[in-house]
Amino acid sequence: MIKEIDLFGVFLPPMFGYAAAAALIWLVLRKCLAWSGAYRLVWHPALFNTALYILILSVCVTFVFR
């Protein structure tokens, strides 16, 4: 399902849509983790957040191309 995204006449690559969807999921998940106090168990929160975002992005892309 490779098709450009038409955003007000500007064609964007499909990866932009996947990244935006992953960012929304990541923001919600990050708030939930911060609220639950899970970040106290994480050694490096920025590295953990980056890895979590990459994992969510890969799941989004895999879900679309499956």
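**Exercise 1. Describe the overall form of the protein.**

Of the 66 residues of the protein, 18% are buried, where buried means under 20% relative accessible area, exposed over 50%, and partly exposed in between (1.4 Å probe, protein chains only). The model is predicted, so local features need pLDDT of at least 70 and side-chain atom pairs pLDDT 80 or more, while totals for chains, interfaces and linings use all residues. Residues are numbered from 1 along each chain as its sequence is written, and side-chain values use heavy atoms, with hydrogens and water left out.

*Solution.*
- Step 1: There are two helices and two strands (DSSP runs numbered from the N terminus: helices are H or I with at least four residues, strands E with at least two).
- Step 2: Read from the N terminus, the order is β-β-α-α.
- Step 3: The radius of gyration is 15 Å, well over the 11 Å that the globule rule gives for 66 residues, so the protein is more spread out than a compact globule. This radius is taken over C-alpha atoms, and the rule is 2.2 Å times the number of residues to the power 0.38.
- Step 4: Along the principal axes, the C-alpha atoms fill a box of roughly 45 × 25 × 15 Å.

**Exercise 2. Find which elements build the largest nonpolar core.**

*Solution.*
- Step 1: A nonpolar core is a set of buried Ala, Val, Leu, Ile, Met, Phe, Trp, Tyr and Cys residues joined through side-chain atoms within 4.5 Å.
- Step 2: The largest such core has seven residues: Tyr18, Ala22, Trp26, Leu52, Ile56, Leu57 and Cys60.
- Step 3: H1 and H2 are the elements that give two or more residues to this core, and H2 gives the most, with four.
- Step 4: Take Leu57: leaving aside neighbours within four places in sequence, it is in contact (heavy atoms within 4.5 Å) with Met15, Tyr18, Ala19 and Ala22.

**Exercise 3. Describe the aromatic pair of Trp26, then the surroundings of Asn49.**

*Solution.*
- Step 1: Rings of Phe, Tyr and Trp (its six-membered ring) pair if their centres lie within 6.5 Å; planes under 30 degrees apart count as stacked, over 60 as edge-to-face and the rest as tilted.
- Step 2: The whole structure has three aromatic pairs. Trp26 and Tyr53 form an edge-to-face one, 6.3 Å centre to centre with 80° between the planes.
- Step 3: Trp26 lies in helix H1 (residues 14–36) and Tyr53 in helix H2, 27 residues apart.
- Step 4: Trp26 is buried at 15% relative accessibility, whereas Tyr53 is partly exposed at 22%.
- Step 5: Asn49, in helix H2 (residues 45–65), is buried at 13%. Beyond its neighbours within four places in sequence, Asn49 is in contact with Trp26, Arg30 and Tyr39.
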